[in-house]
Each structure stands twice: as structure tokens, then as C-alpha cells.
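Hi there,

Here is the structure I promised to pass along. Have a look at it first, and my notes on what turned up follow just below.

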Amino acid sequence: MLIGIVISTFATIAHASKAPQPIEVKVVVVSMFEIGDDEGDAPGEFQLWKARQKLTTKYPLPHGFHDIYANPETGVIGIVTGMGIARASAAIMALGLDPRFDLSKAYWLVAGIAGVDPADNTIGSAIWTDYVVDGDLAHQIDAREIPATWATGYFPLFTHAPYDNAESVDMNNSPNGEVYALNLPLAKWAYSLTKDTKLLNNDAMDALRAKYTHLSNAKALPNVSMGAHLSASTFWHGEKLNTWANDWVAYWTKNKGNFVTSGMEDSATLQSLTYLDNAGLVDKNRIMILRTASNFTMQPPSLSASENLKLESSGEGYAAMNAAIEAAYNVGARVVDYITENWDSVKETPPVVK
């Protein structure tokens, strides 16, 4: 029996010694969806990264939504999580626990399209995120049954009315992942590095934004800015829900965050990365989120919410889709390239605005 144990132990050691060393990852680029193939057709969020960052080495990921692609020379890898919080959470956890990758010093760049509040910015713009607020964790009473004094029947968990207990909100210790405060100095550095990036515009985008006659920011040209992101599984739309989004973000950030962009996955991505950080596998202080505006979150004065959402579904409302996808790459790549080209100076300490 003793001889068998010794032989088994030596076999285990020999097998471990032959196992390849994990790739040291410098940047993880997180995309949420791809329209068709990863290359050669209309691009989704991942295709430009794969082609332009030369992510040609494939790492099969059967336990995730999409295979990982890497550039071993630069240390950049790309993942497509799939749409929605369930897929995003599962994909990020699958990557974080994968022994083929050393993610302990990696920077994470979530780069994807979003809706934008026309009161704050316009389609085609790129917005660096400072706070992510979850829009799904809530109580709800149908609006037809709420008290006459309530503005909404959608209110935070463990409260009894809209926006109760605001004084007890803690952005750094939300019990169920309702809010995440990103590393603000890192976000400000990313913004400072990229704020002058030239972004795409076209006639169709001009025609769409011109409908927002009462909002000067909506009529502006695409630009790089900062703001808070609301992450919710429901694709909501309309002026009343836009008001809710602003109030919801203000509540959970204690008025420090201003709702600018809307998407689905980021609260799930941050929850998984928080758990992985707890395990010492990643550094949550190296997470950046860049959302680029493909559509407005509410209708212009000339249309109802349902009319505008129908136009978006038929394609007219996504006049900025390609511009937003390009913006995610053109802005985000400046950060990725800086990190890989200056790895010796940013490996141990994240960059800050000087």
C-alpha cells in the first residue's frame, strides 16, 4: 500500500511539472455579444477587438458562452459573455477560475454598447463608468394598485415605499450587489487618456438626434465623457422609466452618481469579479467599464414611447449602432495599448492622472 501511495504521489508531481504555465494576462477585454461570426461579417462588440488586437490564439471554453481568444505576445485576451446577467455572471466566473490564465495583475475592460439618457449625452458617444447600479433587485407593485402619493410602484428591496431608508445606503457594502463603486482614479485616468478621441458620426445620426429639440446634449456631436451605468435585464424605454432610472441611480449612489447609460450585464460581471477578488484571483481595482451609446433611452417629443421603441426595433433607432461599436474599440484600444506598452510601470500599480 505504501509503495502504491509513493508511486501515485510521484505520478501526480510529474504530471503537474508537465502542465503548461498559465498565460500572464495583462488585459481582459469583455464583450457581451457578437452579431454573427467573429470575423468577416457585420461586427458586434467583439469582432473589431479580435481582428485589430490580433486575438488569434483560441482557448476553447466549453464551460462558458464563447471561446477565449488571445494574443500571447501582448497578453490581451477577449471574452464574449453572452447577453444578460445569467450568461455574464457564468462566463466571467468560468474565466476567472480557469487555470490556463493568470489574471492576478490583469486589467479588465468591459466595452459594449448601451442606451444613453438624452439629457446627458448623445448617440455615438463613449462614456466611462464611475458607478454601476443594479436595476433588477427590487420590490414591485403594479402602478394601478399603488397609493396615490407614490410616483412609482418599483422600490428597493427591504423598504416599504419608494426610496425609503436612503440614509442607510452604503455604496461600499451593498448587501445584495445593488451598487458598485468602481476605482474612480483609474476611471478618471482612462477618461483623461481618451477624452480627445475622434468619434464617428453620420447623417442618419444627425437626423435622429435632431428630433430631441428640447435637449442640447442630445443634439451635440459624439464625445467622450463619464457617468453612471444602470444594469437591468429588462430592455426598458420611455420618459417615465428614464425618470425612474435617474432616481434609482441617485438613491443607490447617494446622489454621487448621475445616470447616463443603460445596459444589461455589468452588475453581474462585477459580482463575479468581486467574488474572484475575494479569492485573490483578480484585482477588482483594475476594472474599467466603457459603454458607448447606440440609442436613446427615451423618446423625442414627436413620438410616444411605444412608437419610438418600435422604430428602434425596426432599425431606424439604431442609426448609431456601427458608430457605437467603433467608439468602443477606438476609445478602449487606447487604454489597452497604453497598458500593454507600459506594462513595467502599471503591472504593480494602476495608472492615475498626473
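Arg 286 is a buried residue, because its relative accessibility is 2% and the cut-off for buried is under 20%. Its side chain meets that of Asp 283 in a salt bridge, with N and O 3.1 Å apart. Another charged group is worth finding on your screen: Glu 265, Asp 266 and Arg 291 are joined into one network by salt bridges that share partners. In total the structure holds eleven salt bridges.

Before going further, please keep in mind that this is a predicted model. The mean pLDDT of the protein chain is 92, and 94% of its residues reach 70 or more. The stretch to treat separately is residues 1–17, where pLDDT stays under 50. For those residues the model has zero contacts beyond four places in sequence.

Back to the salt bridges, since two of them involve the end of the chain that follows helix 10.

Glu 24 pairs with Lys 347, and their closest N and O atoms are 3.1 Å apart. Glu 24 belongs to strand 1 (residues 23–24), whereas Lys 347 sits in the segment after helix 10 (343–346), so this pair links distant parts of the chain, 323 residues apart. Both partners are partly exposed: Glu 24 has a relative accessibility of 31%, and Lys 347 has 27%.

Lys 105 pairs with Glu 348, here with the closest N and O atoms 3.0 Å apart. Lys 105 lies in the loop between strand 6 (101–102) and strand 7 (107–116), and Glu 348 is in the segment after helix 10, so the salt bridge ties together parts that are 243 residues apart in sequence. Lys 105 is partly exposed, at 26% relative accessible area, while Glu 348 counts as exposed, at 52%.

Next, a helix pair. How do helix 4 and helix 9 sit relative to each other? The axes of helix 4 (residues 184–194) and helix 9 (residues 321–341) come within 9 Å and cross at roughly 110 degrees. The two helices are therefore roughly perpendicular to each other. On the helix 4 side, the residues that take part are Trp 189, Ala 190, Leu 193 and Thr 194. They meet Val 331, Arg 334, Val 335, Tyr 338 and Ile 339 of helix 9. Sorted by class, this contact has seven nonpolar residues, one polar and one charged.

Another contact to look at brings helix 3 and helix 7 together through Ala 88 and Thr 269. Ala 88 lies in helix 3 (residues 85–96) and is buried, at 0% relative accessibility. Leaving aside residues up to four places away in sequence, Ala 88 touches Thr 81, Gly 82, Glu 265, Ala 268 and Thr 269. Glu 265 is thus a neighbour of Ala 88 as well as a member of the salt-bridge network mentioned above. Thr 269 is part of helix 7 (residues 266–278) and is also buried, with a relative accessible area of 2%. With the same sequence neighbours set aside, Thr 269 touches Ala 88, Ile 92 and Val 110. If you would like a distance to check in your viewer, the C-alpha atoms of Ala 88 and Leu 281 are separated by 18 Å, and these residues are 193 places apart along the chain.

Finally, some loop residues. Lys 254 and Asn 255 are both found in the loop between helix 6 (239–252) and strand 13 (259–263). Each has a positive phi although neither is glycine: phi is near 55 degrees for Lys 254 and near 70 degrees for Asn 255. Lys 254 is partly exposed, with a relative accessible area of 39%, whereas Asn 255 is exposed, with 67%.

Ser 174 is in another loop, between strand 10 (154–156) and strand 11 (179–181). Is Ser 174 buried or exposed? At 15% relative accessibility, Ser 174 counts as buried. Its C-alpha atom is 38 Å from that of Leu 303, a residue 129 places away along the chain.

Happy browsing, and best wishes!

How values were computed:
Residues are numbered from 1 along each chain as its sequence is written. This is a predicted model: local features need pLDDT of at least 70, side-chain atom pairs count only at pLDDT 80 or more; totals for chains, interfaces and linings use all residues. Side-chain values use heavy atoms; hydrogens and water are left out. pLDDT is the predictor's confidence in each residue, from 0 to 100. Contact means heavy atoms within 4.5 Å. Axes are lines fitted to C-alpha atoms, for helices over the stretch in contact, and angles run from 0 to 180 degrees between N-to-C directions. Helices (H or I, at least four residues) and strands (E, at least two) are DSSP runs, numbered from the N terminus. Angles under 35 degrees count as roughly parallel, over 145 as roughly antiparallel, 65 to 115 as roughly perpendicular and the rest as oblique. Ala, Val, Leu, Ile, Met, Phe, Trp, Tyr, Cys and Pro count as nonpolar, Asp, Glu, Lys and Arg as charged, and the others, Gly among them, as polar. A salt bridge is a side-chain nitrogen of Lys or Arg within 4 Å of a carboxyl oxygen of Asp or Glu. Buried means under 20% relative accessible area, exposed over 50%, partly exposed in between (1.4 Å probe, protein chains only).
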